[in-house]
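Me: I would like to learn how to read a model feature by feature, starting from the chain as a whole and ending with single residues. Could you take me through one?

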Amino acid sequence: MSAPTEFKLNTGATIPAIGLGTWQAKPGEVRGAVSHALKSGYKHIDGALVYGNEDEVGQGIKDSGVDRKDIFLTSKVWCTFHDRVEECLDKTLASLQTDHLDLYLIHWGARMIPNETSGMFPLKPDGSRNMDFEWSQSQTWEQMEAVLAKGKVKAIGVSNFSVLMLEDLKKKWKVVPAVNQVELHPYCPQHELKKYCEDNGILMQAYSPLGSTSSPLHADADLKAIAEKHGVSTSTILISWSVCRGVVVLPKSVTPSRIESNLQVVTLSKEEMAKLDGLAAAGKQQRVNTPNWGTDFGFSDWYGVGNKNAPEGAKLLAGKA
Ligand SMILES: NC(=O)c1ccc[n+]([C@@H]2O[C@H](COP(=O)([O-])OP(=O)(O)OC[C@H]3O[C@@H](n4cnc5c(N)ncnc54)[C@H](OP(=O)(O)O)[C@@H]3O)[C@@H](O)[C@H]2O)c1
């Protein structure tokens, strides 16, 4: 059986299984990368306002000559815009030169209050991030539902949400998130979160699927052995592993040959899937994307630190940190 090339969202729309990531694609690089990807057969681009390159992504789309209707476009509302979701969305739409997105996500489940230090990464006088611990994610989600109702986006979802955060959001959501985009690769396989999302009709998306920059994954002996057996690169195996387990995968590259080869998917055997599924539990669990939110937490449970609206479980975790 060949691997799927697209998945269904809970809206009924289809989403291409592989999308081009655009984080850390520098100015002067991303325009060509997006154009090359679309000309090479990609139909899905993942971006965000905070990547600071959406103007160029928009130019790359134009350069490609590919019709807007044939491209699945995702972007994300940044943390300093949680009280102004539509304003953030409008900036993205203008940059991408389009009147709608196919998917819009809450980038991280916590609000930062912009101040004179920055509109994007505001700091307090003590140097820590200027978080808003009074803010509930349901307030952000309500605005996401409003831009969906207006037709400016075709689907809404979240990113970096844990089970606890989704459970909390569920109390108020009218629209079930279409996706949850999280760090996901064999060293961070997210088994529990994936099961929760599947049970709730939420599609998982894998970010940093290759282990991001300076990835530890390509040197993994088990991964290398599987790649050698198939005569492909470790990147192809990482991408294939996600697609074969029903997860949308978002590899980033600005290198034309890699952009092309990252579209290749091989079908992995049950044994190969099980081997990769088990690497983290065998002692290799590791996150590669750990932004400094001024807390002790990895992943998204940092949301609970000090937030009076945080789910109880997150508060408990905060107590232990
Ligand atoms: N929602 C979130 O909070 C969040 C967080 C992180 C990422 N993301 C999304 O997920 C996307 C992917 O994650 P990522 O950018 O962290 O990392 P990634 O896709 O795991 O890895 C990108 C790195 O791998 C290299 N690479 C790409 N293809 C390769 C290949 N075939 N062989 C060897 N190296 C290869 C790239 O180099 P070159 O570019 O030089 O080729 C780059 O250094 C992002 O771009 C973004 O769209 C979302």
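Reply: What follows is a conversation about the fold, a helix, the open and closed spaces, and a few single residues of this predicted model.

Me: How many helices and strands does the chain have, and what percentage of its residues is buried?

Reply: The chain has 12 helices and 12 strands, and buried residues make up 54% of its 321 residues. Of the contacts with a separation of 6 or more, 73% are between residues 24 or more positions apart.

Me: How should I read a single helix, and what span should α4 have?

Reply: The general idea is that an α-helix has 3.6 residues a turn, so residues three or four places apart point the same way. Helix α4 covers residues 137–149, and because each residue is expected to add 1.5 Å, its 13 residues should span 18 Å, which agrees with the 18 Å between its end C-alpha atoms.

Me: Which residues of α4 are buried, and what covers them?

Reply: The buried residues in α4 are Gln137, Ser138, Thr140, Trp141, Met144, Glu145 and Val147. Their cover includes the strands β5, β6 (103–106), β7 (111–112) and β9 (156–159), together with the helices α3 (85–96) and α5 (163–170).

Me: What is found at the start of α4 and just after it?

Reply: At the start of α4, a side-chain oxygen of serine 136 comes to within 3.1 Å of the backbone nitrogen of serine 138. Just after α4, glycine 151 has a positive phi of about 85°.

Me: Where else should I look when a phi value is positive, and which residues other than glycine show one here?

Reply: Most residues other than glycine have a negative phi. Here glutamine 24 has a phi near 65°, a positive value in a residue other than glycine, and serine 212 has a positive phi of about 60° although it is not a glycine. Glutamine 24 lies in the loop between β3 (20–21) and α1 (30–40), where its relative accessibility of 37% makes it partly exposed. Serine 212 lies in the loop between β11 (203–207) and α7 (221–230), and at 27% relative accessibility serine 212 also counts as partly exposed.

Me: Which residues lie nearest the centre of the largest pocket, and how much space is in that pocket?

Reply: Glutamine 24 and serine 212 return here, since the residues nearest the centre of the largest pocket are Trp23, Gln24, Ser208, Ser212 and Lys252, out of 38 that line it. About 800 Å³ of space lies in this pocket, and its lining divides into 14 nonpolar, 20 polar and 4 charged residues.

Me: What should I note about the second largest pocket?

Reply: The second largest pocket holds about 380 Å³ of space and is lined by 19 residues, with Thr5, Glu6, Pro16, Ala17 and Lys43 nearest its centre. Strand β2 (residues 14–16) gives the largest share of this lining, 3 residues, and the lining as a whole divides into 11 nonpolar, 3 polar and 5 charged residues.

Me: How many cavities of 30 Å³ or more does a search of the whole structure find?

Reply: The search finds 1 cavity of that size, and about 40 Å³ of space lies in the largest cavity. Its lining is formed by Ile45, Asp46, Gly47, Glu54, Val57, Leu73, Thr74 and Leu96, and the elements that give two or more residues to it are β4 (44–46), α2 (54–64) and β5 (72–77).

Me: Is histidine 44 buried or exposed, and what does its side chain reach?

Reply: Histidine 44, in strand β4, counts as buried because its relative accessibility is 0%. Its side chain reaches the backbone oxygen of proline 16 at 3.0 Å, and among the residues that histidine 44 touches are Ile15, Phe72, Thr74, Gln205 and Leu250.

Me: Why does serine 118 count as buried?

Reply: Serine 118 counts as buried because its relative accessibility is 19%, and the cut-off for buried is under 20%. Serine 118 sits in the loop between β7 and β8 (131–132), where its side chain reaches the backbone nitrogen of phenylalanine 121 at 2.8 Å.

Definitions and conventions:
Residues numbered from 1 in each chain as written. Predicted model: local features only at pLDDT ≥ 70, side-chain atom pairs only at ≥ 80, totals over all residues. Heavy atoms only, no water. 1 Å grid on protein atoms, 1.4 Å probe; cavity = no way out; pocket = protein on both sides within 12 Å on 5 of 7 lines; lining within 4 Å. Points joined across faces, edges and corners; volume = space filled by probe spheres on them. Helix = DSSP H or I, 4+ residues; strand = E, 2+ residues; numbered from the N terminus. Expected span 1.5 Å × (residues − 1). Buried < 20%, exposed > 50% of the residue type's maximum accessible area, 1.4 Å probe, protein only. Contact = heavy atoms within 4.5 Å. Polar contact = N/O pair within 3.5 Å; in protein donor to acceptor, adjacent residues only side chain to side chain. Nonpolar A, V, L, I, M, F, W, Y, C, P; charged D, E, K, R; others polar.
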